[in-house]
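Student: I am new to this structure and would like a close look at a single part of it. Please take the surroundings of ligand 1 and go through them slowly.

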Amino acid sequence: MSLVNLLDLDLDALVAWCGEQGEKRFRAVQLFRWIHQKGESDFARMTDLAKSLRDKLATAAVVQPLKILSEQASADGTIKWLFDVGGGDAVETVFIPEDDRGTLCISSQAGCAVGCRFCATGHQGFSRNLSTGEIVAQLWFAEHHLRQRLNRPAGDRVISNVVMMGMGEPLQNYAALLPALRVMLDDHGYGVSRRRVTVSTSGVVPMIERLRSDCPVALAVSLHAPTDALRDQLVPLNRKYPLAELLAACRDYLTAAPRDFITFEYCMLDGVNDGPEQARQLIALVSGQAGAPRVPCKFNLIPFNPFPASGLKRSPRDRVMAFAKQLQEAGIVTTVRKTRGDDIDAACGQLAGEVQDRTNAQIRLTRPVIRIEPAPLGSS
Ligand code: SAH
Ligand code: SF4
C-alpha cells in the first residue's frame, strides 16, 4: 500500500481521509495543526492523538519533505533554497525578509511551458507540474526551519506573505495550486490572509476566472507590453489570450474582491517596452473604453535581470524612473521593484533550478517567438 503524503491534503481532504480511517473531524483538525502549525512530521510525537491513531498513521501516511540540494544566503538577508524534486529536476524557493513582513516566493512547476523571452525559467522549457504536497512543502520547510533558526517563540510566524512567483506558471497547474492555497489560508494551517497570498500569472484567462470563484487571493498579472503585437513576442501565451480578454478577466476578477486591485508586473527591457509611447499606450489600456472606469490596479516595474541567453538588456535607471513618473502622473500607483538577492541569482526571472525539458527543447526553440531578436522588437 502506498503511503498518503499528508502535505497533499487541504483540511477538507484530510477530514475525508481521516473519515475513511474511522476518525472524527476534530482529529483531522488536530493532525493538520500538528503538521502545519507546529511543523511536526513524526506521528509518534503528536502526543494528544490516541496511540491507536498514531500507530495507524505510521503505517498509512507520511509528511514528505523536499530534499534540499543547496542553500544560499544573500548579503541582504534573502535566502534561496534549491530542492530536488526527483527525475533530475530541481526547483527554487526564496525567502525575502523585510522590516514589517517575511515573504516566501514559491515555485509551482519544474520549468515552465509559457516560454517568455526574458525569463530564465521559460528558457529551460517545461518538465512537470509540482504536486500540492511539493508546493506546500516549500512553505512547511521554510516556515519551521526559519522559526528555529531565527529563534522565534512558538507560534510566532516568520512568513507573513506568500507569492507564487517562483518557477512555473501557477495557473497552468491549477489542480495542485488550489488545495495548496487553501492550506496557506486555513486558520488551522498557516493562517495567511487572502490579500497576503499572491498568485502571479502570465495571463491564463480561463483559470483567472476559476480562481475568482474558488479562492480570490491577490492577483498579479505579468503584462510586460501594452500592445498585442509586442506582447505576442514577449509572452507567447498572449497569442491564445490577447490583451482585451486578459483585461476583461482582470475586471471580472475584482468583482469577487471589490476592494482589491490587480498588480500589473512590467519587466523593463531596454529599448523594447520602456519608452514614453508604451507608457501612454499602457495608460490607455487600463483606462476604460467608452466611459468604463479604469481597472483598479497598480504597476510594479521590475528591472530586468539579465541572463546570457536572453539577448536583452535592463532599462537604464533614468528610463525606468521616467516611465514610472508618466504612469504616476496619470494617477496610477506605480512602484519600482527593488532587486533582492541578485548576488545569489534569487531575483525575479533568475530562478533556473535544474530542469529536464520534457517538452522537447528542439521543437520549442523553433517557435518564432524565441527567434525574434531584440532590435526588431524595439522598433515595433
Ligand atoms: N509565471 C508567473 C509567475 C512566475 S514569474 C508569471 O509569469 O507571472 C514571476 C515574475 O518574474 C513575473 O512577473 C515575470 O514576468 C518576472 N520575470 C521573469 N523573468 C524575469 C527577469 N529576467 N527579470 C525580471 N523579472 C522577470
Ligand atoms: Fe513562465 Fe512566468 Fe517565466 Fe513566463 S515569466 S516563462 S510564465 S515563469
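Tutor: The residues of the shell around ligand 1 fall into nine nonpolar, nine polar and two charged. Keep in mind that the model is a predicted one. The shell has 20 residues, and the closest to ligand 1 are Phe118, Ser200, Ser222, His224 and Asn305.

Two of these closest residues, His224 and Asn305, can be followed down to single atoms. In the side chain of His224, an N or O atom is 2.7 Å from an oxygen atom of ligand 1. Asn305 takes part through its backbone: an N or O atom there lies 2.9 Å from a nitrogen atom of ligand 1. Glu169 can be added, with a polar side-chain atom 3.3 Å from a nitrogen atom of ligand 1.

How much of the accessible area of ligand 1 does the protein cover? On its own, ligand 1 has 530 Å² of accessible area, and the protein covers 97% of that. As for the elements that supply this shell, β10 (197-201), β12 (262-268) and β13 (297-303) are those that give two or more residues.

Glu169 also leads to ligand 2, since this residue is listed in the surroundings of ligand 2 as well. With Glu169, the residues around ligand 2 are Cys112, Val114, Gly115, Cys116, Cys119, Gly122, Gly168 and Ser202. By class, the shell of ligand 2 has four nonpolar, four polar and one charged residues.

For a site of another kind, turn to the second largest pocket, with a volume of about 290 Å³. Its lining includes Arg33, Lys38, His144, His145 and Arg152. Helix α5 (residues 132-149) gives the most to this lining, with four residues. Domain 1 (4-62) and domain 2 (67-364) each supply at least three residues to the lining. Its classes are two nonpolar, six polar and four charged residues.

Conventions. Residues numbered from 1 in each chain as written. Chains lettered and ligands numbered in written order. Predicted model: local features only at pLDDT ≥ 70, side-chain atom pairs only at ≥ 80, totals over all residues. Heavy atoms only, no water. 1 Å grid on protein atoms, 1.4 Å probe; cavity = no way out; pocket = protein on both sides within 12 Å on 5 of 7 lines; lining within 4 Å. Points joined across faces, edges and corners; volume = space filled by probe spheres on them. Nonpolar A, V, L, I, M, F, W, Y, C, P; charged D, E, K, R; others polar. Domains from an automatic or database assignment. Near = heavy atom within 4 Å. Polar contact = N/O pair within 3.5 Å; in protein donor to acceptor, adjacent residues only side chain to side chain. Areas by Shrake-Rupley, 256 points an atom, 1.4 Å probe, with all protein chains shown as cover.
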